[in-house]
Amino acid sequence: MARPRKPTSLLAINGTLAKNPGRYADRASEPVDDRALGPPPDTMRPDQRAAWLEIERLAPWLRFGDRIAVEVTAALLATFRVGGVGMMPPAMLTRLETMLARLGMTPADRSRVAAGIGSSGADNPFSALKRKPIG
């Protein structure tokens, strides 16, 4: 089985994109979305809307293009909150864990998230947390 493709933003952050630009030339036309995630869809139930808002608050790096994945995750999270682990089928619980990971909401996956929001440092709410050099 092939290794999953790394997101271009991650390649840019770790320097791989700058080191081997020709290798990633096919990604030059990849869409970039700077729009905010936005409000939950009107079709969501109140418990799902609450889950959406919690996800939005916990993961400020999510953008408008992530709306469908957030909607699925919010619906699964609401189901989990209502029924708990014992009432949720194992496949649904696995899907929730997978979706949380894909959104960068597990400890291991959060370490891979680029917290820069927007194209300039002024838009980045985490810019004050950058590590200062020693010495």
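Which residues are exposed on the other side of α5? The tour returns to this once the chain as a whole has been viewed.

**Whole chain**

Start with the full model, which is predicted. Colour by secondary structure: the protein chain has six helices and zero strands, and its pattern along the sequence is α-α-α-α-α-α. Next, colour by burial. The protein chain has 135 residues, and 25% of them count as buried. Switch on the surface to see about 9,600 Å² exposed by the protein chain, with 59% of that area supplied by carbon and sulfur atoms. For contacts with a separation of 6 or more, residues 24 or more positions apart account for 47%.

**Helix α5**

Select residues 90-102. This is helix α5, with 13 residues. From its first C-alpha to its last it reaches 18 Å, close to the 18 Å expected at 1.5 Å a residue. Show side chains for Leu93, Leu96, Met99 and Leu100, which are buried. These four are on the same side of α5, because they cover an arc of only 125° around the axis. An α-helix has 3.6 residues a turn, so residues three or four places apart point the same way.

Now turn to the other side of α5 for the opening question: Pro90, Ala91 and Arg102 are exposed there. Bring in residues 67-87 as well, since this is α4, and the buried residues of α5 pack against α4. Before leaving, step just past the end of α5 to Gly104, which takes a positive phi of about 75°.

**The loop before α5**

Select Met88, in the loop between α4 and α5. Is Met88 buried or exposed? With a relative accessible area of 5%, Met88 is buried, the cut-off for that label being under 20%. Show its contacts, leaving aside neighbours within four places in sequence: they are Leu76, Phe80, Leu93 and Leu96. Two of the buried residues of α5, Leu93 and Leu96, are thus seen again as partners of Met88. Draw a distance from Met88 to Leu76: the two are twelve residues apart in sequence and 9.4 Å apart in space, C-alpha to C-alpha.

**Helix α4**

Keep α4 selected and centre the view on Arg81. A kink of about 75° in α4 is centred on this residue. Then show the buried residues of α4, which are Arg67, Val70, Thr73, Ala74, Leu76, Leu77 and Ala78. What do the buried residues of α4 pack against? They pack against α3, residues 46-58, and α5.

Pick Ala74 from this set. Not counting residues up to four places away in sequence, Ala74 touches Met44, Gln48, Ala51, Trp52 and Ile55. Gln48, Ala51, Trp52 and Ile55 are the buried residues to show in the next helix.

**Helix α3**

Select α3, which has 13 residues and reaches 18 Å from its first C-alpha to its last, close to the 18 Å expected at 1.5 Å a residue. Within α3, Gln48, Ala51, Trp52 and Ile55 are buried. Looking down the axis of α3, these buried residues fall within an arc of 105°, so they line one face of the helix. They pack against α4. On the other side of α3, select Pro46 and Arg57, which are exposed.

Stay in α3 for Gln48. Gln48 counts as buried at 12% relative accessibility. With its neighbours within four places in sequence left aside, Gln48 is in contact with Ala74, Ala75 and Ala78.

**The nonpolar core**

Now select Trp52, Ile55, Leu62, Val70, Ala74, Leu96 and Met105 together. In the largest nonpolar core, which has 19 residues, these touch the most other members. α3, α4 and α5 each supply at least two residues of this core. In soluble globular proteins, nonpolar side chains tend to be buried together.

**Helix α2**

Finish at residues 16-19, helix α2, and select Leu17. Leu17 has a relative accessible area of 24% and is partly exposed. Which residues does Leu17 touch, not counting residues up to four places away in sequence? Show Thr8, Leu11, Ala12 and Tyr24 to see these contacts.

Notes. Residues numbered from 1 in each chain as written. Predicted model: local features only at pLDDT ≥ 70, side-chain atom pairs only at ≥ 80, totals over all residues. Heavy atoms only, no water. Expected span 1.5 Å × (residues − 1). Buried < 20%, exposed > 50% of the residue type's maximum accessible area, 1.4 Å probe, protein only. Arc of directions from axis to C-beta. Contact = heavy atoms within 4.5 Å. Areas by Shrake-Rupley, 256 points an atom, 1.4 Å probe, with all protein chains shown as cover. Bend = angle between axes of the 7 residues up to and from the residue. Core = buried A, V, L, I, M, F, W, Y, C linked by side-chain atoms within 4.5 Å.
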